[in-house]
Amino acid sequence: MIPWLGAEPGFPPDERALSEPNGLLAAGGALTPVWLLAAYRRGIFPWFSEGEPILWWTPDPRLVLVPDELHVSHSLRKTLRRRRFQVKADTAFAEVLRACAAPRAGGPGTWITPAMRAAYLRMHELGWAHSVECWRDGRLVGGLYGMAIGRVFFGESMFARETDASKVALAHLARLLAERGYGMIDCQMTTAHLLSLGAREVPRARFTAALRQWAHDGPPPQRWAEDAMRGFDWH
């Protein structure tokens, strides 16, 4: 049984999270900025479907990517060198959010509910949530979004309408974060795709210990410059 959270932000110890389903910690609470910041700084994130209460998770192990350890394959590097996509930051957050929430072919319904979209739009307005977008011929063809807290980027979702578009967005994000001294990208759940890009699993205790170092020391929340990733050398 998981606890129902009260009116003020506060979470039970990580050790009380269920092993099945992996990492389910609590229900209830709210998706306000104060709740979300309290959760992410503890390594906890919301994930639930329409019609369910807010569910909070902290899986063990945790998938993380150190920004300068991103694996760029030969084919992806060729795509980056050709600059097939124009990469921008924070110019189309709402559009990226909608694209990530769209149903995937053969997949279940989205977990990015209207309440979740509203919550992350608010975090974007406050300078905590960011998008990286890939454009081609004036069309948004791929991207990702997540939260930058301290010197940790908490990745939420990505999408691609053209081959390699989401990988190009991730490569630019990783380069930007490495240059700015970020410690890690939280990938939340393990997937073969992210493992192939250099992400690795770490025990939850190690992850939360790293958060105590990285998630409380960094730049203040602010919108990223549109051209923050322009001019990266991929040779």
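Is Cys 187 buried or exposed, and what is its relative accessible area? Cys 187 is buried, and its relative accessible area is 14%. The legends below describe a predicted model.

**Figure 1. The whole protein has seven helices and eleven strands.** The radius of gyration is 17 Å, close to the 18 Å that the globule rule gives for 235 residues, so the protein is as compact as a globular protein of that length. The C-alpha trace spans about 50 × 35 × 35 Å along its principal axes. Of the 235 residues, 51% are buried. Contacts with a separation of 6 or more were also sorted by distance along the chain: 73% of them join residues 24 or more positions apart.

**Figure 2. The surface of the protein comes to about 10900 Å² of accessible area.** Carbon and sulfur atoms hold 52% of that area. The charges comprise 28 positive and 24 negative ones. Their mean positions lie 5 Å apart.

**Figure 3. Cys 134 and Cys 187 are each too far from another cysteine sulfur for a bond.** A disulfide needs two cysteine sulfur atoms within 2.5 Å. For Cys 134, the closest cysteine sulfur belongs to Cys 100 and is 12 Å away, too far for a bond. For Cys 187, the closest one is again in Cys 100, at 14 Å, and this too is too far for a bond. The disulfide count for the model is zero. Cys 134 is buried, with a relative accessible area of 0%. Cys 187 is buried as well, at 14%. Buried means under 20% relative accessible area, so the value of 14% for Cys 187 falls in that class.

**Figure 4. Ala 115 sits in helix α4.** This helix covers residues 114–125. Ala 115 is partly exposed, with 42% relative accessibility. Its partner in this view is Ala 30. The two alanines are 85 residues apart in sequence. In space, their C-alpha atoms are 10.0 Å apart.

**Figure 5. A cis peptide bond joins Glu 20 and Pro 21.** Omega is about -5° at this bond. Pro 21 lies in a loop. Strand β1 (4–5) comes before that loop and strand β2 (24–28) after it.

**Figure 6. A cis peptide bond joins Asp 60 and Pro 61.** Omega here is about 5°. Pro 61 belongs to the loop between β4 (55–57) and β5 (62–65).

**Figure 7. Arg 83 has a positive phi although it is not a glycine.** The angle is about 50°. Arg 83 is located in the loop that links helix α2 (74–82) to strand β6 (86–89). Where does Arg 83 fall on the scale from buried to exposed? Arg 83 is partly exposed, with a relative accessible area of 46%. The exposed class starts over 50%, so Arg 83 stays in the partly exposed class.

**Figure 8. Asp 90 also has a positive phi, in a residue other than glycine.** Its phi is near 55°. The loop that holds Asp 90 runs between β6 and helix α3 (93–101). Asp 90 counts as buried, at 5% relative accessibility. Strand β6 therefore borders both loops shown in these last two views: the one with Arg 83 and the one with Asp 90.

Note on methods:
Residues numbered from 1 in each chain as written. Predicted model: local features only at pLDDT ≥ 70, side-chain atom pairs only at ≥ 80, totals over all residues. Heavy atoms only, no water. Helix = DSSP H or I, 4+ residues; strand = E, 2+ residues; numbered from the N terminus. Rg over C-alpha atoms; globule rule 2.2 N^0.38 Å. Buried < 20%, exposed > 50% of the residue type's maximum accessible area, 1.4 Å probe, protein only. Contact = heavy atoms within 4.5 Å. Areas by Shrake-Rupley, 256 points an atom, 1.4 Å probe, with all protein chains shown as cover. Lys, Arg positive; Asp, Glu negative; His and termini not counted. Charge placed at Lys NZ, Arg CZ, Asp CG, Glu CD.
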